[in-house]
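I opened my notebook to look through one structure piece by piece. These are my entries, in the order I made them.

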Number of protein chains: 2
Amino acid sequence: MKEGPDIARVAALIGDPARANMLTALMTGKALTATELAAEAGVTSQTASTHLAKLDGGNLLRVRKQGRHKYFSLATDDVAAVLEGLMGLAAKSGHLRTRTGPRDASLRKARVCYNHLAGDMGIRMFDSFHGRGFLVLEGEALRLTSEGAEFVAGFGIDLDKLTAQKSPLCKECLDWSARRSHLAGSLGRALLSRIETLGWAKRDPDSRAVIFTQRGEAAFARQLAVATV
Amino acid sequence: MKEGPDIARVAALIGDPARANMLTALMTGKALTATELAAEAGVTSQTASTHLAKLDGGNLLRVRKQGRHKYFSLATDDVAAVLEGLMGLAAKSGHLRTRTGPRDASLRKARVCYNHLAGDMGIRMFDSFHGRGFLVLEGEALRLTSEGAEFVAGFGIDLDKLTAQKSPLCKECLDWSARRSHLAGSLGRALLSRIETLGWAKRDPDSRAVIFTQRGEAAFARQLAVATV
DNA sequence: TTCATAGTTCGACCCTAATCGAACCATCTG
DNA sequence: CAGATGGTTCGATTAGGGTCGAACTATGAA
């Protein structure tokens, strides 16, 4: 009774209705912001904040700060597995679902996100870079490989100018609509800027949408599909 | 926030330190009495009683009444699996172990339990009967099959006399030392009585021990090993 | 710069639920 | 039968923690 592996502490974390609702909402695998989770749990943002702090303290969550937002997702698959098991025990099902993302199709496709490219096009770019070994995840950080540097240089970007800045070159950014990663940082901003310069796309002045021209989208896709060798 | 599969309720059940200690103590697979679990949790018997009622109400436990005792075990393997998962999440291990059973070897081997045979010999008998299809579990009840009836009749037991009684013929009884099932009920009592009549064993007048003679143990083992066909 | 929004911290309130003492019931022992 | 033990129920106490209002910080937008 004195020591123990403290299964009680973890279970108690999950045992609060508000926190349980948050965790079940995160079972989709998507990341949600604090306010979204607050709504999901049916509590105010203050209480949600304390709850999320506790869940994070119990290593049940993974937290990523994103500007003035904070994105939460389940820490590991193990957490999801335990939640799944608990759902099984609580035989009576009846899931909650959570509304997500922008309803505007053009925003989903491509938009600016703090001056870099987000939406489906942003994700495609990130996936391509990652899959071709241009970007590697090192712990929490994102590093541009020499192959990657070569590619962006060939794309017309002056890396030296970027690395001279104080702000980080590469940052992983969580996509709003799809909730997957895309490229942020000064490089992300430079890439979007270059795309605009090339005339492949231009920003919609009334919204965050980024409108690709037909020719621009084709050229963009061609760049992403280029084999490394 | 209104409905939900109520993962919170189950988690909250496990989330109380006292209850968590009880559940971890039951992770061995053995059944424990209410007082043992109270000691394990470090609470009084009253509080333990309420805790156990709640755990039972949440379908986390299986309960078997045994005279003035109440034996608790985990309801299903699923429960154990979830607990295992929670332990994994609560990384820091350090298990509790619980003292068990009689220290006297002869008592472990064979003893009377409310006038029927318990201990290793009792378990061997139950396992043999069960494995040969003499006894079948039907829900919570235990039924003697026609093959079983034939066998015990051949062993010299008057079944008609037993079935005429009001008390149940077959009952599953949880073994004190090994915490596994053996045969109780009027049949269990009749079997022990018959064993004594045959001179295979006699009771120790100073304890609960049942002392088998060498010849008796051999004959007993032979009976249990007999193939049905 | 000023405004708006996301999130946090502090403080106070309140309510649930764990706990135990005491009395009670059920079952075994002698 | 009386005595002992295992377990439950009731009631009162208490502590822990969830909750929100209000004030505060940080980041982005205009």
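**Entry 1: DNA strand D**

I began with A:His51, where an N or O atom of the side chain is 2.5 Å from a phosphate oxygen of DNA strand D. I call this a polar contact, meaning a pair of N or O atoms within 3.5 Å; within protein, one must be able to donate a hydrogen and the other to accept it, and residues adjacent in sequence count only if both atoms are side-chain atoms.

I noted the ground rules early: this is a predicted model, local features need pLDDT of at least 70, side-chain atom pairs count only at pLDDT 80 or more, and totals for chains, interfaces and linings use all residues. Residues are numbered from 1 along each chain as its sequence is written, chains are lettered from A and ligands numbered from 1 in the order in which they are written, and side-chain values use heavy atoms, with hydrogens and water left out.

I then looked up A:Thr47, where a side-chain N or O atom is 3.3 Å from a phosphate oxygen of DNA strand D. At B:Ala34 I found a backbone N or O atom 3.5 Å from a phosphate oxygen of that strand.

Which residues come closest to DNA strand D? I listed A:Gln46, A:His51, A:Lys54, B:Ser49 and B:Lys70, out of 22 that surround the strand. A residue is near a strand if one of its heavy atoms lies within 4 Å of it. Of the atoms of DNA strand D that come within 4 Å of the protein, 72% belong to sugar and phosphate.

I sorted the surface by class and got four nonpolar, 11 polar and seven charged residues. For the classes, Ala, Val, Leu, Ile, Met, Phe, Trp, Tyr, Cys and Pro count as nonpolar, Asp, Glu, Lys and Arg as charged, and the others, Gly among them, as polar. α4(A) gives the most to this surface, with four residues. Helices (H or I, at least four residues) and strands (E, at least two) are DSSP runs, numbered from the N terminus.

**Entry 2: DNA strand C**

I turned to DNA strand C and its 22 surrounding residues; A:Ser49, A:Lys70, B:Gln46, B:His51 and B:Lys54 come nearest. Sugar and phosphate make up 73% of the strand's atoms within 4 Å of the protein.

B:Lys54 has a polar side-chain atom 2.5 Å from a phosphate oxygen of DNA strand C. B:Arg68 places a polar side-chain atom 3.4 Å from a base oxygen. A:Arg68 uses a backbone N or O atom, 3.2 Å from a sugar or linking oxygen. Which element gives the largest share of this surface? I found α4(B), with four residues.

**Entry 3: two helices in chain B**

I checked α3(B) against α4(B): they pack at an angle of about 105°, with axes 9 Å apart. Axes are lines fitted to C-alpha atoms, for helices over the stretch in contact, and angles run from 0 to 180 degrees between N-to-C directions. The two helices are therefore roughly perpendicular, a label for angles of 65 to 115 degrees.

**Entry 4: strands**

In chain A, β2 (residues 61-66) pairs with β3(A) in the antiparallel sense over six bridges. Strands pair if DSSP finds at least two bridges between them. A:Arg64 has A:Tyr71 as its bridge partner. The hairpin has two residues between its strands, and A:Gly67 in the turn has a positive phi of about 60°.

How values were computed
Angles under 35 degrees count as roughly parallel, over 145 as roughly antiparallel, 65 to 115 as roughly perpendicular and the rest as oblique.
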